[in-house]
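Let's take a friendly walk through this chain, from its overall shape down to single residues. Keep the structure open beside you as you read.

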Amino acid sequence: MPWSMCRHVERQAQLMGEMMERLGVDPLAAARHQSGASFAQARTNCLVCRWTSECRRWLDGMPGAEHPSEYCPNMGFFEACLRR
């Protein structure tokens, strides 16, 4: 695997972890949701997400950054984990 792909995977995993932390999602509960299938899908969604810049802006608290509910393909998963 080329190093650029490794860096991409690492960056996206970090963004997903930061997003879960900021939203208050327990990583263990997320990993257990639907026996891990939902977490695996969320991880894949994050890897191919085209909203990385918007995600980073919101996580960094940039003025005018849209809330992830406007673009994040994993928001339904994160919300389901919060309701548990």
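## A residue to start with

Is Gln34 buried or exposed? Gln34 is exposed, because its relative accessible area is 52% and the cut-off for exposed is over 50%. Bear in mind that this is a predicted model. You will find Gln34 in the loop between α2 and α3, and its phi is near 50°, a positive value in a residue other than glycine.

Ser35 sits in the loop between α2 and α3 as well. Its phi is near 55°, again a positive value in a residue other than glycine. With a relative accessible area of 76%, Ser35 is exposed. If you look for Trp3 from here, the C-alpha atoms of Ser35 and Trp3 are separated by 31 Å, with their positions 32 residues apart along the chain.

## The overall picture

Now step back to the whole chain. Its secondary structure consists of 5 helices and 0 strands, so the order of elements from the N terminus, by DSSP runs, reads α-α-α-α-α. Along the principal axes, the C-alpha atoms fill a box of roughly 35 × 30 × 15 Å. The radius of gyration is 13 Å, which agrees with the value near 12 Å that a compact globule of 84 residues would have.

How are the contacts spread along the sequence? Among contacts in the chain with a separation of 6 or more, 70% come from residues 24 or more positions apart.

## Surface and charge

About 5,600 Å² of the chain is exposed, and carbon and sulfur atoms supply 53% of that area. Of the 84 residues, 32% count as buried. The chain carries 10 positive and 9 negative charges, and the mean positions of the two sets are 5 Å apart.

## The nonpolar core

Turning inward, the largest nonpolar core has 18 residues, and those with the most contacts inside it are Met16, Leu23, Val25, Phe77 and Phe78. At least two residues of this core come from each of α1, α3, α4 (52-59) and α5. The helix that gives the most to this core is α1, with 5 residues.

Which residues does Met16 touch, not counting those up to four places away in sequence? Its partners are Phe39, Ala42, Arg43, Cys46, Phe77 and Phe78. Two of these names, Phe77 and Phe78, also appear among the core residues with the most contacts.

## Helix α5 and its neighbours

Helix α5 covers residues 75-83, and its buried residues are Met75, Phe77, Phe78, Ala80 and Cys81. These buried residues pack against three helices: α1 (3-23), α2 (27-32) and α3 (37-47).

One residue to look at beside α5 is Ser38, which lies in helix α3. Is Ser38 buried or exposed? Ser38 is buried, because its relative accessible area is 10% and buried means under 20%. Leaving out residues up to four places away in sequence, Ser38 touches His33 and Phe77.

## Two more places to look

Thr44 is another residue of helix α3. Thr44 is partly exposed, since its relative accessible area of 39% falls between the cut-offs of 20% and 50%. Measured in sequence steps, Thr44 and Ala13 are 31 residues apart, yet their C-alpha atoms are 9.8 Å apart in space.

Finally, go to the segment before α1, where Pro2 is found. Pro2 is exposed, with a relative accessible area of 57%. Pro2 and Phe39 are 37 residues apart along the chain, and their C-alpha atoms are separated by 25 Å.

Key
Residues numbered from 1 in each chain as written. Predicted model: local features only at pLDDT ≥ 70, side-chain atom pairs only at ≥ 80, totals over all residues. Heavy atoms only, no water. Helix = DSSP H or I, 4+ residues; strand = E, 2+ residues; numbered from the N terminus. Rg over C-alpha atoms; globule rule 2.2 N^0.38 Å. Buried < 20%, exposed > 50% of the residue type's maximum accessible area, 1.4 Å probe, protein only. Contact = heavy atoms within 4.5 Å. Areas by Shrake-Rupley, 256 points an atom, 1.4 Å probe, with all protein chains shown as cover. Lys, Arg positive; Asp, Glu negative; His and termini not counted. Charge placed at Lys NZ, Arg CZ, Asp CG, Glu CD. Core = buried A, V, L, I, M, F, W, Y, C linked by side-chain atoms within 4.5 Å.
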